[in-house]
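This report introduces one structure to a reader who has not seen it before. The sequence and the model are shown first, and a short description follows.

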Amino acid sequence: LKSILSKTHMKLVEMLSHAMKRVRDDKKCRLTNARGILDLLLTSSDTNSDRTIKKCDPFCLNLSLAFLTLAIPRCTVSELDSLLPGLLILHAGYERRVRSQTAANASSPASISTKKQWFQVSHLLLRTLERIVAEEESSLKGASRKVALESINNRTNNNKRIKTDNSNDQG
């Protein structure tokens with residue numbers, strides 16, 4: 001039974017590795033369920049304030065983080081907005097884990113592994129925030145341009161009216 005599970009596990013890793021290589025190079029390929037991937041790592045609850053990190057095996061954790069790394073650059077801003085609370089919860093949970101494990105034994109393999117996972121979650125959180133802020137700045141610049149163009153158009157229309165009014169007064 002162990003042999004069969006090991007072979008199945010290896011084949012699954014091979015298939016996922018192949019799929020990830022294809023997706024990584026194709027920026028147009030979207031991973032549409034980033035929220036579902038994140039939900040694998042968090043307990044379910046009606047409110048975000050009650051969610052915590054779920055105990056999961058290292059294979060599931062590492063695969064989820066790898067797919068989130070691929071998915072986040074391809075998400076829309078509204079999708080990123082919905083991921084943000086979960087990423088913050090995940091980040092806070094890993095920070096607590098790192099602090100407690102570091103206090104016990106900073107150089108243990110488990111502590112080092114947890115730090116790496118925390119760094120990866122931190123990176124995902126920062127990339128998400130960066131995209132949200134960049135999009136917000138872009139939309140503000142676009143709105144500012146629109147206001148500036150409307151202002152120029154209004155001044156031009158006012159100048160035309162003034163010229164028309166002046167020519168009517170002279171005539």
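Leaving aside neighbours within four places in sequence, which residues is Arg24 in contact with? They are Leu70 and Arg74. The model is a predicted one. Arg24 has its place in helix α1. Its C-alpha atom is separated by 9.8 Å from that of Phe67, and the two residues are 43 residues apart along the chain. Is Arg24 buried or exposed? Arg24 is partly exposed, because its relative accessible area of 43% lies between the limits of 20% for buried and 50% for exposed.

The chain as a whole holds five helices and zero strands, so its elements run α-α-α-α-α from the N terminus on. Some values for the chain are listed here.

| Item | Value |
|---|---|
| Buried residues, of the 171 residues in the chain | 25% |
| Contacts with a separation of 6 or more that join residues 24 or more positions apart | 70% |
| Carbon and sulfur atoms' part of the exposed area of about 11800 Å² | 57% |

The largest nonpolar core has 30 residues. Leu38, Leu68, Leu83, Leu87, Leu90 and Tyr94 are those with the most contacts inside this core. Two or more residues each come from α1 (2–25), α2 (34–39), α3 (58–71), α4 (77–105) and α5 (109–170). Of these, α4 gives the most, with eight residues.

Leu68 serves as an example from the core. Not counting residues up to four places away in sequence, Leu68 touches Ala34, Ile37, Leu38, Leu41 and Leu124.

Note on methods: Residues are numbered from 1 along each chain as its sequence is written. This is a predicted model: local features need pLDDT of at least 70, side-chain atom pairs count only at pLDDT 80 or more; totals for chains, interfaces and linings use all residues. Side-chain values use heavy atoms; hydrogens and water are left out. A nonpolar core is a set of buried Ala, Val, Leu, Ile, Met, Phe, Trp, Tyr and Cys residues joined through side-chain atoms within 4.5 Å. Buried means under 20% relative accessible area, exposed over 50%, partly exposed in between (1.4 Å probe, protein chains only). Helices (H or I, at least four residues) and strands (E, at least two) are DSSP runs, numbered from the N terminus. Contact means heavy atoms within 4.5 Å. Accessible areas come from the Shrake-Rupley method with a 1.4 Å probe; for residues, only the protein chains shown count as cover.
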